[in-house]
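Subject: A structure for you to look at

Hello,

I am passing a structure on to you, and I thought a short tour might help you find your way around. Please open it next to this email and follow along.

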Amino acid sequence: MAANRKRTSIPTDLKEELINRITVMKLEGENNHTIANELGMSWVTVDKYWDEILERSGVQIDAIKLIKERRMVTDRLVGKSIKNFYSGVSPIRDVAIAMELADKYNGVSASLATETPEKLPAMLSIEVQNVDVELPPVERQLEQVQY
């Protein structure tokens, strides 16, 4: 089916709109395939447009700096929503929304979704041990004690 696709040129204003939408979605942490599906184009085209965006900017993106800046902004926003919840100004739903938006804005979930489990550090380690536990007295034992 892909061989039957006909190459077409798109108007400049539509291309600029697509480039703007790609930029926003990339900054939200979306990958090329997700962007392509949402915009109805191939992921190769998305990649090509993203390369154009980077070339136009003339600067290299410092990913670590970008992540740190976004983290600081979202930490403040989530902190403010939690403070508003505890002061009775806003409901808990607002905190959940703020956290979800912060996660999407930072791209943490999208980044983790692309990682394989072998590459991720251990986040939780649970160790089970046999421990002697003294159980509370059962009802019958309590009756014997009271009489």
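Below is what turned up, going from the whole chain to single residues.

Please keep in mind that this is a predicted model.

**The whole chain**

The protein chain has 7 helices and 0 strands. If you read along the sequence, the pattern is therefore simply α-α-α-α-α-α-α. Of its 147 residues, 15% count as buried. Now take the contacts in the chain with a separation of 6 or more: residues 24 or more positions apart account for 49% of them.

**How α1 meets α3**

A word of background first: two packed helices are described by the angle between their axes and the distance between the axes.

Start with helix α1, residues 12-27, and helix α3, residues 43-57. Their axes come within 10 Å and cross at roughly 85°. Angles from 65 to 115 degrees count as roughly perpendicular, and so α1 is roughly perpendicular to α3. Which residues make this contact? On the α1 side they are K15, E16, L18, I19, I22, T23 and K26. On the α3 side you will find V46, Y49, W50, E52, I53 and R56. Sorted by class, the contact of α1 with α3 has 7 nonpolar, 1 polar and 5 charged residues.

**A closer look at α2**

Next comes helix α2, which covers residues 32-39. Its buried residues are N32, I35, A36 and L39. Why do they line one face of the helix? Looking down the axis of α2, you would see the buried residues fall within an arc of 100°, so they line one face. These buried residues pack against α1 and α3. The face of α2 turned away from the buried side carries N37 and E38, which are exposed.

Both ends of this helix are worth a visit. At the N-terminal end, N31 caps α2, with a side-chain oxygen 3.2 Å from the backbone nitrogen of H33. After α2 comes G40, which has a positive phi, near 70°.

**How α2 meets α3**

Helix α2 also packs with α3, at an angle of about 110° and with the axes 8 Å apart. That angle makes α2 roughly perpendicular to α3. In this contact, N32, H33, I35 and A36 of α2 meet W43, V46 and D47 of α3. By class, the contact of α2 with α3 has 4 nonpolar, 2 polar and 1 charged residues. You may recognise V46 here, as V46 is also listed in the contact between α1 and α3.

**Two serines and a glutamate**

Now move further along the chain to helix α4, residues 63-86, where you will find S81. Is S81 buried or exposed? S81 has a relative accessible area of 9%, and buried means under 20%, so S81 is buried. Not counting residues up to four places away in sequence, S81 touches S90, D94, V95 and A98.

One of those partners, S90, lies in the loop between α4 and α5, the latter being residues 92-106. S90 counts as buried because its relative accessibility is 12%, under the 20% limit. Leaving aside neighbours within four places in sequence, S90 is in contact with S81, N84 and F85.

For a contrast, try E100 in helix α5. With a relative accessible area of 59%, E100 is exposed, since exposed means over 50%. If you would like a distance to check on screen, try E100 and V78, which are 22 residues apart along the chain. The C-alpha atoms of these two residues are separated by 9.6 Å.

That is the tour. Enjoy exploring the model, and do write back with any questions.

Best wishes

How values were computed:
Residues are numbered from 1 along each chain as its sequence is written. This is a predicted model: local features need pLDDT of at least 70, side-chain atom pairs count only at pLDDT 80 or more; totals for chains, interfaces and linings use all residues. Side-chain values use heavy atoms; hydrogens and water are left out. Axes are lines fitted to C-alpha atoms, for helices over the stretch in contact, and angles run from 0 to 180 degrees between N-to-C directions. Helices (H or I, at least four residues) and strands (E, at least two) are DSSP runs, numbered from the N terminus. Angles under 35 degrees count as roughly parallel, over 145 as roughly antiparallel, 65 to 115 as roughly perpendicular and the rest as oblique. Contact means heavy atoms within 4.5 Å. Ala, Val, Leu, Ile, Met, Phe, Trp, Tyr, Cys and Pro count as nonpolar, Asp, Glu, Lys and Arg as charged, and the others, Gly among them, as polar. Buried means under 20% relative accessible area, exposed over 50%, partly exposed in between (1.4 Å probe, protein chains only). The arc is that of the directions from the helix axis to the C-beta atoms. A polar contact is a pair of N or O atoms within 3.5 Å; within protein, one must be able to donate a hydrogen and the other to accept it, and residues adjacent in sequence count only if both atoms are side-chain atoms.
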